[in-house]
Structure formats: structure tokens, C-alpha cells
Amino acid sequence: MASPSLDRYDPDQAPTARDKGFDKVLDGIHRGVVAVDRFINRVIPEEFNPFYYLGGMTNVLWILLVPTGIFLWFYYKPTTSDAFSSVNYLTAVVPFGGIIRGLHRYSGDGMILMAILHMLRNYFTDRYRGFRDVPWVSGVVLLLLTGLVGMTGYLLVWDQRALIITTAIVQALQSLDGIVGGLGSFMAKALLAGNEPNNLTLARMFFLHVGPAVLIFFFLWVHYLRLHRPKIWPPMFVTLLTVGAVVLAAGILPIEKTLAAGVPLASDGSSSIVYDVFYLLPVLALPNLGGAGVLAVLLLIFGILFIVPWLPRKKHRYVNVAFVTPENCTGCQLCAIDCPFDAIVMVEGANPNPRNKELAVVNDDKCAECGICVGACPFHAINLPLAGEDMIKDKVVALLS
Ligand code: HEM
Ligand code: SF4
Ligand code: SF4
């Protein structure tokens, strides 16, 4: 059966003469992703390949963060005078407190790492355009919220590190005054609940930790709205692998001891400040870029991420979009009526059979690969390359025999 779509999505196809520069690089990375997938699929059964479940693994880690966070909340006192001692008490005295703090910390690290890998995979396998603009944009919001939750988590401990980060954030915000008069100082004051850190400051930070965490639930719902049967939860093997990695990290890497905010570092170098690269990278960049510089870089990165689905790109790698076999199409319109994504247009005068007025044409950018049109067409004229009618029938027959 002739299939123009098949030619387009085949990851093995050689780069064409039209592939240049960035397109060629993307093509190479796409091929790399497919090669890694194939290698893993040879080592373990395909349905357990963790790279197919990066979004689901992010979910597992998110779900792990919630009960561990609630446990920490029971003991946490959000005031500058008591926060540090309450966290220390929880870690050293409360049974399993240290390990649960570790689980919370490492699920947070794992969550942002998995979310970034999941984003990169979707980008490099061309799964971010058309109807996927909603999951993509809500994904960028989720990334922002996750970053905010993680970063404010470090402030809640109210140790030296938290004080340094808070001072850096306040200075970064104040540097905005030069751009919009008074706005930066207003935001800094709102964050601190005054001009200096005080007992109310941590209540604000606690709100900035828990508030975005609640919003994550809402944006996850938006994230899945337009997806057809999303793999929200990975198979048991991958779930156990994810949870196991976090338990292992919490077991072998206990949370570092820190000093209370304001206590000077030992001059013999026996105490130092450890910065988490997953959430505190912007803080590490401060000495080189300055507050306004870091804010500008973050704005630029997230600004670009938000518009990625609409950036021009010459080549698409459609994965499994529907394709029409024109010789079979009678122009009956049934597929166009049933398609929930308005991905099929009826084009007048395009049908190879002069007796049929119209031909069904799939808009690749809109097709969600749901397969509804395949069931709608009585003439076997529309199919999905990776899950066509014949393939599904063959699979069912093989299963039954
Ligand atoms: C931060 C938490 C996130 C969670 C828990 C999450 C979870 C998921 C899950 C479970 C799916 C469906 C299964 C799959 O295709 O893997 C999915 C799909 C998707 N996600 Fe995310 N995601 C997150 C962040 C992001 C980010 C940062 C982006 C990109 C900016 C993104 C873009 C997408 C896209 C485009 C799809 C559709 C993929 C497809 O149709 O095959 N997600 N996400
Ligand atoms: S598979 Fe068919 S019904 Fe589903 S979105 Fe694509 S064209 Fe529409
Ligand atoms: S349902 Fe089948 S025959 Fe009818 S217009 Fe669609 S592809 Fe053509």
C-alpha cells in the first residue's frame, strides 16, 4: 500500500540534500535517540524501556514528594527563629526523619531531571507541535513551578545557604529597579515581608513552596487534556526502578549538615556550603552574571521554551499520523466528521477517481494518532502506519492462535 507518510517518519532514512545546519543536527540526535531505544529494547523487553516513560517517571517522583513533604510539614516551624532547629530535630531525632528528608530531597532532584529529559525527548522526537502545543506549554509551566518549589525548599531550612540565596534573590530583584522604577524593591519587600528577613519571611517562603506545588496538580490535568491515552503511570518494573533509585540515594547520601543562618563558616575550611545543581544553578551563576543577568537568562530560556511549538522548522518527523490511500477514498467524509481533532479536510477535485468529488487529506500537524478515522472509514482508505487495521488484525490473530 503506498504510504507517503511512511517516507516522512522513518528514522532510518538518510538525511536529504535539503537537510542543512540545525536540521541536520536535529536529524542526527533523532537517530541517536532511536538507536539508544533499539539498544535498550534488545537488552530488556520493550514495554519496560524507561525512556518510553520519562513523563510517567516524573509523575512517580512527584507522587513520592507529596507524602514525604506532608511528613516534614508535621515537624516544620516556619519562623526564622525555629525553622533550622525544627529541621535538625526532624533529621536527627524523629524516627526515619533523616531518611524521609532524603527521600523528599532526592525525589525533587529526580523530578526536575526526569522532566528535563522528558522535555528533550519530546523535542528531539518531534512531539511538540500541532495538538501537542497544549502539553508542551503546560509542560514549560510545570518546569517553572517545579523549579520554584525546589528552590524555595532550600530556603525553608533557614541555614547559611538559605540566607545567602535569599540575599542574592533580594539583590537580583532590587536590580530591577533600574528597569522599572521601584518594582524590584516592592517584590523584594513582598518576599521578605519587610526590609530584612524576619519571622514572617519563612511563612511567605512556605507559601511559595506549597502554593506552586498545589498548582502542579492543576497543570498536570491541563498537560494530559489533549493527549490520547497518555502513559501517565509507568509499568511496575519502571516504577520500582524509579522509587528504588531514590531510596538508594537517600540511603547512601545522607543530607549534608549545615550551619544556622548567620553563623560564620569555620576559618579552617571544615565547613562549606553545598549548592544543589538541579535547583540552585541560577544562584551559582550569580557571581559571573549578576542578579539582572541571571533573571535575563532565565527569561530568555523560558521565553524561547514557551514559543518552541511555533518556531519555524523545515523538517518534521511525524511519528504515526494517519495517511490516506487516494485510490480507495470515495470522498464520503465519514473520517472528517469523526476526527475529534479536525485533522482531516475534504479537498474538492483532488480524488484520482473522477466519479468521486472529494479526497480526504490529513493535516499532519493536527493529527493526534488516535486511529478513530481508521474505524470510521468503511473503505479501508485511511490508516495509521504503526497501528494500521491490518497490523492490529494480525496482532489479534497472533494472540488468539
Ligand atoms: C514536570 C512535570 C511533568 C510531568 C509529571 C509530565 C508528565 C507527562 C506524562 C505522564 C505524559 C504522557 C506520557 C508520555 O508521553 O510520556 C506527558 C506527555 C507530554 N509532555 Fe510532559 N510532563 C512534565 C513536564 C513536561 C515538560 C517540561 C514538557 C516540555 C516542555 C512536557 C511536554 C510533554 C509533551 C509534548 C507530551 C506529549 C508527548 C506525546 O504525545 O507523545 N512535559 N507528560
Ligand atoms: S488518527 Fe485520524 S481521527 Fe485521529 S486525529 Fe488523526 S486523522 Fe483525526
Ligand atoms: S472515510 Fe474513508 S473513504 Fe470516506 S472520505 Fe474518509 S478516507 Fe475517504
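## Ligand 1 and its surroundings

A residue is taken to be near a molecule if its C-beta atom, placed from the backbone, lies within 6 Å of it. In this predicted model, 26 residues are found around ligand 1, and Gly 55, Ala 115, Gly 139, Leu 142 and Pro 230 come nearest. Two or more residues of this shell are given by each of α3, α5, α6 and α9 (201-225). The element that gives the most is α6, with seven residues.

By class, the shell around ligand 1 comprises 14 nonpolar residues, nine polar residues and three charged residues.

## Overall form

The protein has 401 residues, of which 27% count as buried. Its secondary structure consists of 14 helices and four strands. Taken along the principal axes, the box filled by the C-alpha atoms is roughly 85 × 55 × 35 Å.

Contacts between residues at least 6 apart in sequence were also examined. Of these contacts in the protein, 74% join residues at least 24 apart.

## The nonpolar cores

The largest nonpolar core is made of 25 residues, and Met 57 and Leu 61 have the most contacts inside it. At least two residues of this core come from each of α3 (54-75), α5 (97-124), α6 (133-156) and α10 (236-252). Helix α3 supplies the largest share, eight residues.

The contacts of Leu 61 can be listed individually. When neighbours within four places in sequence are left aside, Leu 61 is in contact with Ser 107, Gly 110, Met 111, Met 114, Thr 242 and Val 246. Another core, of 20 residues, lies apart from the one described above; among its members are Tyr 154, Leu 156, Val 170 and Leu 173.

## Helix α10

Helix α10 contains 17 residues, which at 1.5 Å a residue should span 24 Å; the end C-alpha atoms are 24 Å apart, so the expected and modelled spans agree. Val 238, Thr 242, Val 246 and Ala 250 are buried in this helix. Because the buried residues of α10 fall within an arc of 115° when seen down its axis, they line one face of the helix. Among the elements that cover these buried residues are α3 and α5.

The face of α10 turned away from the buried side carries the exposed residues Met 236, Gly 244, Leu 248, Gly 251 and Ile 252. Ala 249 also has its place in α10. Ala 249 has 16 other C-beta atoms within 10 Å and is therefore partly exposed. The C-alpha atoms of Ala 249 and Ile 99 are separated by 9.7 Å, although these residues are 150 apart along the chain.

## Ligands 2 and 3

Ligand 2 is surrounded by 13 residues, the closest being Cys 339, Cys 367, Cys 370, Ile 372 and Cys 373. This shell divides into eleven nonpolar residues, one polar residue and one charged residue.

Ligand 3 is surrounded by 14 residues, and the closest are Cys 329, Cys 332, Cys 335, Cys 377 and Ala 381. Its shell has eleven nonpolar residues and three polar residues, with no charged residue.

## Selected loop residues

Phe 96 is located in the loop between α4 (83-92) and α5. Although Phe 96 is not a glycine, its phi is positive, at about 65°. Only 12 or fewer other C-beta atoms within 10 Å are allowed for a residue to count as exposed. Phe 96 has 10 such atoms and is therefore exposed.

A positive phi, near 50°, is also found at Asp 342, a residue other than glycine. Asp 342 belongs to the loop between α12 (334-338) and β2 (344-348). Since Asp 342 has 11 C-beta neighbours inside 10 Å, this residue counts as exposed. Gly 371 lies in the loop between β3 (358-362) and α13 (372-376). With 19 C-beta neighbours inside 10 Å, Gly 371 counts as partly exposed. Gly 371 and Asn 383 are twelve residues apart along the chain, and their C-alpha atoms are separated by 7.4 Å.

Note on methods
Residues numbered from 1 in each chain as written. Chains lettered and ligands numbered in written order. Predicted model: local features only at pLDDT ≥ 70, side-chain atom pairs only at ≥ 80, totals over all residues. Core = buried A, V, L, I, M, F, W, Y, C linked by C-beta atoms within 7 Å. Contact = placed C-beta atoms within 7 Å. Nonpolar A, V, L, I, M, F, W, Y, C, P; charged D, E, K, R; others polar. Expected span 1.5 Å × (residues − 1). Arc of directions from axis to C-beta.
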